[in-house]
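Okay, thanks for coming, everyone. Let me pull the model up, and then I'll talk through the ring pairs and the cores.

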Amino acid sequence: MSWIEDPAFTADEPFGPQTLPYGVVPGGVAVRVGDQALLLRGLALGERLEPLVATGTLDALLAAGRPAWSELRARLVEIVSAASAPRGAELVGLDGAVLPFAVADYVDFYSSRHHAENVGRIFRPDGEALLPNWTHLPIGYHGRAGTVVVSGTPVVRPHGQRRTSAGPVFGPTGRLDIEAEVGFVCGGPVASRLTPSQAVDHVFGVALVNDWSARDVQAWEYQPLGPFLGKSFATSVSAWITPLEAFAVARVSPPPLGNDVLPYLVEERPWGLDIDLEVEWNGVVVSRPPFREMSWTFAQQLAHLSANGATVRPGDLIASGTVSGPSRDERGSFLELSWGGKEPVVLDGDERTFLEDGDTVRITATAPGEGGSVVGLAEVVGTVAPADER
Ligand code: MN
């Protein structure tokens, strides 16, 4: 019996001892234990680990690298499994969790074939659904690190330029959307030209991401250089980062691309993660996107983004791209769920195509853990606030 008394801290629950995600609450760096947070300051972790968690962010821990991550996780498993509370242990609530690390660069990929084909059909009905480069390289774009916000932050409806039959106009978006994604938080030494097999030592953990998107702005601006203001206004990320080590038994083979890839992208045994996402719109579950359907792995994404000499550094956030599965109730954006606004989604009698002011979107996820347990990814939630009147 653990000294931590919390019905949510068992192996049957997503935030049991098998998960132990890291975050930052008002008392400092913490691990989530059920519905509480165990502060790491004050615990006897040894002189190597203590300075890594003594500040109000995960930045020092991210920079420390895989050996320190493994050592800390092993020590915390011991601490939370003990029969009596260790000296210095302090449990606090989850409220007030902040963005736990300084986001260095934010890159967003496009690694679901189902999503790429759906968007292709909606945006380019007369062209090929999938562009010819998609099966040869992980398509991505550089996002805006400065507007990555923690779960719970309201999302103000953005202004932008969009096309109408009378020409371009400027104003609040009429097509505010979500993208349900999985994000990889990087750490370890600064590195470039990573091979896929080296990439795993540069990923600290996994978080849920909502890549909010203004589709009318995006549709007008995206050619020829890709997304810009249609996405840069806000990207939400969960407050708790689940360590990559927690997903040891959740590894699965990704679906085949259908052609060979160039040698720098070849993985000996490629693996994705068997994560099931769930998207709630105003409390109604509208989709269950399966992350195991992603074609490109994070290892290939990191190898590709650093292949030209660009560096990967601690705090980089690498998002997967919208997670969509083959069926309608597995689509990770409302653009796809409503098929470009033509097929409304019914929420308790209300019809929706895109987001209205006051709407709340909550994304949660789980993966299989050791011994039949469930590994949780903390929610990423956001409510739409009305556009600025200025
Ligand atoms: Mn995206």
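**Rings and cores**

So, Phe 334 is buried, at a relative accessible area of 1%; buried here means under 20%, with a 1.4 Å probe and protein chains only. Quick housekeeping: this is a predicted model, where local features need pLDDT of at least 70, side-chain atom pairs count only at pLDDT 80 or more, and totals for chains, interfaces and linings use all residues. Residues are numbered from 1 along each chain as its sequence is written, and side-chain values use heavy atoms, leaving out hydrogens and water.

Back to the rings. Trp 281 is buried too, at 0%. Searching the whole structure turns up seven aromatic pairs, counting Phe, Tyr and Trp rings (the six-membered one for Trp) with centres within 6.5 Å; under 30 degrees between planes is stacked, over 60 edge-to-face, the rest tilted.

One of them is Trp 69 with Phe 204, edge-to-face at 5.3 Å centre to centre and 80° between the planes. Trp 69 sits in helix 2 and Phe 204 in strand 14, so that pair ties together parts 135 residues apart in sequence. Those are DSSP runs: helices are H or I, at least four residues, and strands are E, at least two, numbered from the N terminus. Both Trp 69 and Phe 204 are buried.

Now Trp 281 and Phe 334: their centres are 3.6 Å apart with planes at 5°, so they're stacked.

There's also a cluster, with ring pairs linking Phe 184, Trp 271, Phe 291 and Phe 298.

Key: Buried < 20%, exposed > 50% of the residue type's maximum accessible area, 1.4 Å probe, protein only.
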